[in-house]
Amino acid sequence: MTAGRSAAARAAQLRARRSWWQRLLALLGIRTARARRTASTAARWAHGAEGEAHTARLLTPLLTAGWHLRHDLALPKSRANLDHVLISPCGTALVVLDTKSWHRGKPTHLIGGRVHCGTDDRHGQVEAVAWYAQRVATTLGLPAGQVAPLLVIHGSPITGGRLEAHAPHGLVHVLGTDGLLPTLHAAPQGRPNARAAARLAARVDQHLRPYQQ
């Protein structure tokens, strides 16, 4: 599955939903409040799709180290999608990775134990990826400790290079793009086991299907 496909499709759907009247007004250079809101929402979805595609490109070198990569998967019994699921070379661990694109001019940092971008509280998105990881563990029949939630931030600089944020469903590592591969390479793992990794990847493919709008 292509990273960012569902987000890009959502952006295209929003842009295509404009009525003939809105399109006519746009051709005349007139933008209504509703048209501006639709365009802004579509732009956010498109920006998110670009971020997911960028993350996927950053992750590609892991393939040569024995990792299996999956992108844009549906979370069972939920409307949420999983941006990226990574199966470790040892075949015993998963990473549920969520991509976010935050304001380049505002740092991402902790305030009172909660993740903020500038003064904007973004901890709800941290809690979401921790919940995704727990749900994936339950779906695949894995111990919760074998599925790690991780949030990678595009744009906004991470204070101190990385953050560890606590959420009700577990600890979430919050990273910038520069720290993504070094963190994954340094993560504790057992000996590489290609067969075990392939079996776990097959279980992911069986239970976590490509996301459909």
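Which elements each supply at least two residues of the lining of the second largest pocket? These elements are strand 3, strand 7 and helix 5 (177–186), where helices (H or I, at least four residues) and strands (E, at least two) are DSSP runs numbered from the N terminus. The structure is a predicted model, in which local features need pLDDT of at least 70 and side-chain atom pairs count only at pLDDT 80 or more, whereas totals for chains, interfaces and linings use all residues. Residues are numbered from 1 along each chain as its sequence is written, and side-chain values use heavy atoms, with hydrogens and water left out.

An open sheet of six strands, with mixed pairing, follows the order 1-2-3-7-9-8; two strands pair if DSSP finds at least two bridges between them. Strand 1 (68–74) and strand 8 (162–167) form the edges, each pairing on one side only. On average, and with direction ignored, neighbouring strands of this sheet are turned by 30 degrees against each other; axes are lines fitted to C-alpha atoms, for helices over the stretch in contact, and angles run from 0 to 180 degrees between N-to-C directions. Helix 6 (residues 194–207) packs on the sheet and touches strand 1, strand 2 (81–87) and strand 3 (94–101), contact meaning heavy atoms within 4.5 Å. The direction of helix 6 makes about 10 degrees with that of strand 1. Strand 8 and strand 9 (residues 170–176) pair in the antiparallel sense over six bridges, and V174 in strand 9 is the bridge partner of L163.

The largest nonpolar core has 34 residues, of which L82, L94, V96, V136, V147, V174 and V204 touch the most other members. Such a core is a set of buried Ala, Val, Leu, Ile, Met, Phe, Trp, Tyr and Cys residues joined through side-chain atoms within 4.5 Å; buried means under 20% relative accessible area, exposed over 50%, and partly exposed in between (1.4 Å probe, protein chains only). Helix 4 (123–140) is among the elements that give two or more residues to this core, and its eight residues are the largest share. A second, separate core of twelve residues includes L69, L86, V95 and L180.

E50 is found in helix 3 (residues 33–59) and counts as exposed because its relative accessibility is 51%. The C-alpha atoms of E50 and T99 are separated by 9.9 Å, although the two residues lie 49 residues apart along the chain.
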